[in-house]
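Here is a walk through a protein structure, one piece at a time. Keep the picture open beside the text and look for each piece as it comes up.

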Amino acid sequence: MIKTDAIIIGAGPVGLFAVHQLGIKGLKSIVIDNLDKAGGQCIELYPDKPIYDIPAVPECTGEELTKNLLEQIKPFNTEFFYNERVDEVMQDKDNWIVKTNNNNEFTAPNIIIAGGVGSFEPRKLSLKEAEKFEGKSIFYAVKNKEAFKNKNISIFGGGDSALDWTLELSKFSKINLIHRRDEFRGAPHTLAEIKKLEKDGKISIKTPCQLESIEGDKDIASITIKFDDGKTEKIKTDTILSFFGLIMKLGPIAEWGLNMNKKTIEVNSENFETNKKGIFAAGDICHYPGKLKLILSGFHEVALASVECFKRARPEEKYRFEFTTSSKTIQDRLGKK
Amino acid sequence: MPKITYISHNNKKVTVEVPIGLSVMEGAVQNNVEGIDADCGGSMACATCHVYVSENWLTKIEKIHDAERDMLDMAYEPKNNSRLSCQITVSNELDGLEVTTPIKQS
């Protein structure tokens with residue numbers, strides 16, 4: 001079991017800034033996120049889209065914001081646990097114990113839930129028969145591309161993931177790229193490469209159409225797609241890759257006994273604590289009168305929450321408010337000379 | 001105030017008055033109309049406020065933009081008359097608008 005001062009759930013901008021606010025107060029934290037990298041919605045939903053309302057930053061992308069926040073918290077050498085989802089939260093006197101789906105256990109007097117709108121999971125095919133093939137011949141991500149060699153693969157989707165994997169896997173497999181409309185959304189050079197592959201007969205593109213049925217018993221034998229004009233076509237397929245983006249699921253958070261308001265967690269607006277002492281919620285996932293789902297609001301929320309975290313983690317010490325500009329202690333913690 | 005009717009996939013109709021300037025999504029969320037999740041809160045980042053708009057209304061609402069079209073690719077069972085309800089602003093012209101929600105949003 002790993003002991004720390006605060007367990008942060010969610011590595012989005014608010015979770016990252018929580019590391020900073022705790023760190024300058026001398027508190028250690030760890031961060032858990034279901035995704036494979038930091039950034040949360042900023043990285044998953046709009047990595048290249050500009051954000052215009054970060055104070056003193058006239059314009060930056062989700063990716064830049066994440067990169068800068070990671071840079072800002074570097075001095076604290078925080079440990080991140082990616083690809084892990086918190087499943088259980090248990091009370092142990094004045095501490096909390098957190099268990100993940102990867103069987104990691106953490107304990108701390110404080111938990112900060114900065115989980116956005118929950119954990120990201122791939123959006124699945126809506127056909128019922130898709131379930132029984134999932135993980136065997138239907139995939140929502142490519143973990144090991146060797147497993148996709150010498151196959152008849154039908155790839156669904158019209159965005160970057162669908163296009164990039166079409167290019168990559170077409171080197172050693174037969175690819176059908178299937179999309180519900182004629183336009184694809186991707187980098188210009190990717191689109192050009194896709195066009196060239198189609199022209200050379202290396203891949204086949206089917207639009208505008210959607211998946212109608214999957215045929216096969218143990219393995220997939222073929223799929224049938226339906227075009228917008230009502231025509232159908234059977235395509236020999238043994239593997240389906242589907243890239244319809246990610247959906248957000250609140251998941252187990254709803255079962256931790258916290259007061260909820262729809263899909264958000266009720267907090268007070270003094271220190272953003274929930275109805276459970278030592279469990280805080282900040283960012284998009286928290287709710288209080290007047291709450292705005294802005295990144296800057298999340299920054300404010302963790303700043304205040306971190307003060308209460310300090311009091312719980314260091315009950316024998318007095319909390320002293322300090323400025324980073326003038327505090328020698330904070331500058332030492334940041335490694336500044 | 002314009003009246004907006006939300007029809008569920010099994011044909012249950014709910015009609016609510018929505019102030020001009022709010023989105024069709026906000027009209028649903030503020031009145032606890034089921035079938036519209038709106039996880040991202042209207043920033044066009046999640047496709048969980050997806051609705052179907054009947055042909056005769058499609059031409060009356062604001063034109064669809066590329067970004068919305070891209071997002072609709074991620075929606076559950078999108079059709080040619082799919083829209084994101086967060087992108088439809090309620091106006092007097094839309095009084096009587098009917099939108100149908102899909103079987104599920106994600």
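Let's start with a word we'll need: a residue counts as buried if 20 or more other C-beta atoms lie within 10 Å of its own C-beta atom. Bear in mind too that this is a predicted model.

**A strand with two faces, in chain B**

In a regular strand the side chains alternate between the two faces of the sheet. Strand 1 of chain B, residues 3-7, shows this alternation. B:I4 and B:Y6 point to one face and are buried, while B:K3, B:T5 and B:I7 point to the other face and are not buried.

Who are the partners of this strand? Strand 1 of chain B pairs with strand 2 (residues 13-17) of chain B in the antiparallel sense, over 5 bridges. Within that pairing, B:Y6 has B:V14 as its bridge partner. These two strands form a hairpin with 5 residues between them. One residue in the turn, B:N11, has a positive phi of about 70°.

Strand 1 of chain B also pairs with strand 5 (residues 98-100) of chain B, this time in the parallel sense and over 3 bridges. Here B:I7 is matched with B:T100.

Chain B isn't on its own, either: 13 of its residues are in contact with 16 residues of chain A. On the chain B side, the touching residues split into 6 nonpolar, 3 polar and 4 charged.

**One sheet in chain A, and two helices on it**

Now over to chain A. One open sheet there has 5 strands in the order 6-3-2-10-23, with parallel pairing. Why do strand 6 (79-81) and strand 23 (279-281) of chain A each have one side without a neighbour in the sheet? They stand at the edges with a single partner strand each, so one side of each is left free of a neighbour in the sheet. Neighbouring strands of this sheet are turned by 20° against each other on average, direction ignored.

At one of those edges, strand 23 of chain A pairs with strand 10 (residues 110-113) of chain A in the parallel sense, over 3 bridges. A:I111 and A:I279 are bridge partners in this pairing.

Two helices come next. Helix 1 of chain A lies across strand 2 (6-9), strand 3 (29-32) and strand 10 of chain A, and it runs at about 175° to strand 3. Helix 7 of chain A also packs on the sheet, touching strand 2, strand 10 and strand 23 of chain A, and its direction makes about 165° with that of strand 10.

**A second sheet in chain A**

Chain A has another open sheet of 5 strands, in the order 12-19-13-14-15, and its pairing is parallel. Strand 12 (138-139) and strand 15 (203-206) of chain A stand at the edges with a single partner strand each, so each has one side without a neighbour in the sheet. Strand 12 of chain A pairs with strand 19 (residues 239-242) of chain A over 2 bridges, in the parallel sense, and A:F139 stands opposite A:L241. Helix 5 (residues 160-169) of chain A packs on this sheet, touching strand 13 (152-156), strand 14 (174-178), strand 15 and strand 19 of chain A.

**Helices meeting helices**

Two packed helices are described by the angle between their axes and the distance between the axes. Here are two such pairs:

| Helix pair | Angle | Axis distance |
|---|---|---|
| Helix 1 (residues 13-23) and helix 7 (residues 295-313) of chain A | roughly 35° | within 9 Å |
| Helix 5 and helix 6 (residues 188-199) of chain A | about 50° | 10 Å |

Helix 1 of chain A passes helix 7 of chain A in a right-handed crossing. Residues in the contact include A:F17 and A:L22 of helix 1 and A:F299 and A:V302 of helix 7. By type, the contact has 10 nonpolar residues, 3 polar and no charged.

The crossing of helix 5 and helix 6 of chain A is left-handed. In this pair, A:L163, A:D164, A:T166 and A:L167 of helix 5 meet A:T190, A:E193 and A:I194 of helix 6. That contact divides into 3 nonpolar, 2 polar and 2 charged residues.

**A lysine in a loop**

Last stop: A:K49, in the loop between helix 2 (41-44) and strand 4 (50-51) of chain A. Is A:K49 buried or exposed? A:K49 is partly exposed, with 14 other C-beta atoms within 10 Å. Beyond its neighbours within four places in sequence, A:K49 is in contact with A:T61 and A:G62.

Key:
Residues numbered from 1 in each chain as written. Chains lettered and ligands numbered in written order. Predicted model: local features only at pLDDT ≥ 70, side-chain atom pairs only at ≥ 80, totals over all residues. Axes fitted to C-alpha atoms, helices over the stretch in contact; angles between N-to-C directions. Helix = DSSP H or I, 4+ residues; strand = E, 2+ residues; numbered from the N terminus. Left-handed = near helix turned anticlockwise from the far one by under 90°. Contact = placed C-beta atoms within 7 Å. Nonpolar A, V, L, I, M, F, W, Y, C, P; charged D, E, K, R; others polar. Pairing = 2+ DSSP bridges. Buried ≥ 20, exposed ≤ 12 C-beta atoms within 10 Å, placed from the backbone.
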